[in-house]
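Colleague: Got a minute to walk me through this one? I'd like the basics before I go back to the bench.
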Protein chains: 2
Amino acid sequence: MSRKPMVRPGGRSARVQEAVHAAVRELLAEVGRERLTVPMVASRAGVTPSTVYRRWGDLQELLSDVAVEHLRPETEPDDHGALPADMTAWAEQFIDEMSSPAGRAYIRDALLGDPDGSNAGQCSTYAAEQIDVIIARAAERGETVPELETVIDAVVAPIMYRILFRPTELDAPYARRLVASVLGGRQSAASQRRQRLIG
Amino acid sequence: MSRKPMVRPGGRSARVQEAVHAAVRELLAEVGRERLTVPMVASRAGVTPSTVYRRWGDLQELLSDVAVEHLRPETEPDDHGALPADMTAWAEQFIDEMSSPAGRAYIRDALLGDPDGSNAGQCSTYAAEQIDVIIARAAERGETVPELETVIDAVVAPIMYRILFRPTELDAPYARRLVASVLGGRQSAASQRRQRLIG
DNA sequence: CTCTTAACGCAATGGGTTTGCGTTTATGGA
DNA sequence: TCCATAAACGCAAACCCATTGCGTTAAGAG
């Protein structure tokens with residue numbers, strides 16, 4: 001039942017797509033998610049509501065599209081020269097971006113207008129790709145590295161669980177403990193004690 | 001801005017609450033989530049739509065209420081006489097109930113119509129209480145037990161993450177691996193350190 | 001340039017949402 | 001038991017979002 005069987009890539013269609021997405025981003029910041037309506041978006045974008053309904057189906061699917069686009073990482077993870085530093089920095093940035101009210105709203109929107117789970121799967125893929133880069137870089141350096149799935153289970157999943165279900169129990173020290181737990185065996189004893197004291 | 005400042009516990013209010021909740025459960029099974037509307041629920045419950053709007057605000061909040069009520073465990077976890085068996089059985093049952101399309105829909109509804117996060121927090125509390133019972137029982141037997149927070153991070157969070165973001169990567173053997181990794185015996189070196197580090 | 005058809009705008013219709021107002025009733029106190 | 005207060009509800013009108021038929025525009029192909 002997808003509303004976009006073959007989107008024309010250029011000309012008017014492209015301008016409408018960009019104008020509508022921009023209107024959603026602007027209005028989300030101005031009036032918030034609660035007051036947002038399709039006619040409001042259409043008016044800001046300079047199109048009629050029926051155009052939005054025909055291309056996106058409803059407000060939820062439009063918001064899901066915008067949310068996934070917003071959640072896509074724009075750059076590769078920073079390179080700090082060592083796996084623990086890379087992964088800790090990534091986890092802290094992940095929390096910064098996702099645990100804010102705006103970030104939680106984007107995650108919720110991505111989950112909401114997503115009947116087949118493809119948008120949610122895309123979000124998971126983004127995180128996996130970022131971590132895969134970090135792991136591959138560490139392996140290139142000769143460091144012993146954990147499995148990607150292990151990191152997802154031990155770092156990404158607990159963070160996302162707290163973002164969604166326990167938003168008050170989330171901070172940077174928690175991220176450092178998670179990273180330390182999954183890398184602990186490969187760290188020096190001094191580094192382990194340092195992590196424990198910091199956390 | 002809460003729609004329920006002080007809900008009257010008895011009499012007509014209680015009857016309306018029960019009738020509306022029952023109507024939602026029936027209509028969810030009959031027409032599905034997509035076709036469900038507030039006037040439809042109100043008609044089935046024998047009340048006017050304005051009553052529903054005034055008490056719950058909108059359809060999402062009503063669905064969130066019903067979902068949390070549905071996700072509440074009705075019994076204590078089964079007692080198999082040992083911590084690994086108890087926790088494995090609980091994790092497998094958790095997956096059974098939550099990973100079905102209906103279960104995922106309930107979780108999604110609980111998250112989405114939940115502006116202040118209290119309903120989502122309640123869901124997390126339910127799981128924590130169940131695990132706490134299992135841990136307390138094991139401690140009573142004299143078994144060495146992990147911290148509650150450790151189990152939530154290592155078992156509950158990965159399962160929930162997959163339910164929401166990667167529903168195809170979830171099965172009973174995965175649950176057994178998660179439980180095995182967090183418990184003693186043949187646990188991994190990483191999870192041994194996790195028990196010491198997180199607390 | 002011409003043809004085809006996807007994409008868009010316009011306008012009317014339907015129905016979900018919201019709100020003012022009067023009535024009912026749960027709750028606490030005399 | 002009776003009364004006072006205010007919450008909860010029903011009714012109905014008004015509002016506006018969602019939906020759809022139809023004519024027009026313009027992107028892409030030959």
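Modeller: Sure. Helices here are DSSP runs of H or I with at least four residues, numbered from the N terminus. This is a predicted model, where local features need pLDDT of at least 70 and side-chain atom pairs count only at pLDDT 80 or more. Residues are numbered from 1 along each chain as its sequence is written.

Colleague: OK, where does A:Gln122 sit?
Modeller: A:Gln122 is in helix α8 of chain A, residues 118-141.

Colleague: Is A:Gln122 buried or exposed?
Modeller: In between: its relative accessibility is 30%, so A:Gln122 counts as partly exposed (buried is under 20%, exposed over 50%, with a 1.4 Å probe and protein chains only).

Colleague: And how far is A:Gln122 from A:Arg72 in space?
Modeller: C-alpha to C-alpha it's 8.7 Å, though they are 50 residues apart in sequence.

Colleague: Switching to chain B, at what angle do α8(B) and α9(B) cross?
Modeller: Roughly 120°, with the axes coming within 10 Å. α8(B) and α9(B) are therefore oblique (neither under 35 degrees, over 145, nor 65 to 115).

Colleague: Which residues of α9(B) make the contact?
Modeller: B:Leu148, B:Val151, B:Ile152 and B:Val156, facing α8(B) residues that include B:Ala127 and B:Ile131. Contact means heavy atoms within 4.5 Å.

Colleague: Last one: how does chain B lay on chain A?
Modeller: A turn of 178° and a shift of 0.3 Å along the axis do it, with an RMSD of 0.4 Å (least squares on C-alpha atoms of residues with pLDDT of at least 70 in both). The two copies are thus related as by a two-fold rotation axis.

Methods
Chains are lettered from A and ligands numbered from 1 in the order in which they are written. Side-chain values use heavy atoms; hydrogens and water are left out. Axes are lines fitted to C-alpha atoms, for helices over the stretch in contact, and angles run from 0 to 180 degrees between N-to-C directions. Helices (H or I, at least four residues) and strands (E, at least two) are DSSP runs, numbered from the N terminus.
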